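I opened my notebook to get to know a protein I had not met before. Here is what I looked up, entry by entry.

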Amino acid sequence: MPSFDSLFNAFVTILVTIDPPGLAPLFLAVTRGMNREERQQVSVRASTIGFLVMALFAVAGASILSVFGITLPAFRVAGGFLLFFIAFEMVFERRQDRKEKIGDVAITKDMIHNIAAFPLAIPLIAGPGAISATVLLSGSFQGFGAQAALVGIIFVCLAITYLVFVLAERIDRILGQTGRSILTRLLGVILAALAVQFVADGIKALMAG
């Protein structure tokens, strides 16, 4: 089994890339006009689909890469740069603007019945950053027990995301614009540090190979 530090780092990495607090106002935006029961159904479906997508990459991420002839260290470096870019966007609040544009597209196209799958599950929950982070982490979680632990971490992160959706109205009122801005920037700095570590580990592995 992985160490506690590895498990905690995996939890932080996945949770930060999903960014549940940042999704709260977007969830309210794309479910505008729905009653509480309809929002509950969307929350369950979106969280379930997001979990299934990320669990697939957690278990079969390395196999998917091998099909394309990509080594894990190479993906670790590329994924690290991608995560760093996402962290940069979070610190300077560019990511939120991009997410809001995705949400606006969903509303204008009247995709209420498919809102759980798009844009909530993909690409807002299981987006490029979250999927990249999951594949990167899967390289350090080898064996059935370790993979089960990683899937468990993903489940916990998606459970938190589900709770955020359920409490979206309250959280949005409590945090306010200033609170969301501070929290997003703080999470962005943490993600940037984790991204640098991914790149450093990937380069070390490439040089050793």
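**Notebook: first look at the fold**

I began at the N terminus and followed the elements along the protein, which run α-α-α-α-α-α-α-α-α. My tally came to nine helices and zero strands. I noted beside it that this is a predicted model.

Next I looked up burial for the whole protein, and 46% of its 209 residues count as buried. I also checked how far along the sequence the contacts reach. Taking contacts between residues at least 6 apart in sequence, I found that 87% join residues at least 24 apart.

**Entry: α1 and α8**

How do helix α1 and helix α8 pack? I found an angle of about 40° between α1 (residues 4-18) and α8 (residues 144-166), with their axes 10 Å apart. That angle makes α1 oblique to α8, since the range called roughly parallel covers angles under 35 degrees. I wrote down the crossing of the two helices as right-handed.

Then I listed who makes the contact. From α1 come L7, A10, F11, I14, L15 and I18. From α8 come A149, L150, I153, I154, V156, C157, L158, I160 and T161. Sorting the residues of this contact by class, I got 14 nonpolar, one polar and no charged.

**Entry: the salt bridge**

How many salt bridges does the count come to? I got one. Its partners are R39 and E169, and their closest N and O atoms are 2.8 Å apart. I looked up where the two sit: R39 is in helix α3 (residues 36-67), and E169 is in helix α9 (residues 168-208). The pair links distant parts of the chain, 130 residues apart.

Are these two partners buried or exposed? R39 has a relative accessible area of 16%, so I put it down as buried, the cut-off being under 20%. E169 has 40%, so I entered it as partly exposed, which is the class between 20% and 50%.

**Entry: the covered helix α7**

My last stop was helix α7 (residues 128-138), and I found it mostly covered, with 10 of its 11 residues buried. I wrote out the buried ones: G129, A130, I131, S132, A133, T134, V135, L136, L137 and S138.

Which helices do the buried residues of α7 pack against? I noted α1, α3, α4 (72-91), α6 (116-125), α8 and α9. I had already met α1 and α8 as a packed pair, and α3 and α9 as the homes of R39 and E169.

Conventions
Residues are numbered from 1 along each chain as its sequence is written. This is a predicted model: local features need pLDDT of at least 70, side-chain atom pairs count only at pLDDT 80 or more; totals for chains, interfaces and linings use all residues. Side-chain values use heavy atoms; hydrogens and water are left out. Axes are lines fitted to C-alpha atoms, for helices over the stretch in contact, and angles run from 0 to 180 degrees between N-to-C directions. Helices (H or I, at least four residues) and strands (E, at least two) are DSSP runs, numbered from the N terminus. Angles under 35 degrees count as roughly parallel, over 145 as roughly antiparallel, 65 to 115 as roughly perpendicular and the rest as oblique. A crossing is left-handed if the near helix is turned anticlockwise from the far one by less than a right angle, and right-handed if clockwise. Contact means heavy atoms within 4.5 Å. Ala, Val, Leu, Ile, Met, Phe, Trp, Tyr, Cys and Pro count as nonpolar, Asp, Glu, Lys and Arg as charged, and the others, Gly among them, as polar. A salt bridge is a side-chain nitrogen of Lys or Arg within 4 Å of a carboxyl oxygen of Asp or Glu. Buried means under 20% relative accessible area, exposed over 50%, partly exposed in between (1.4 Å probe, protein chains only).
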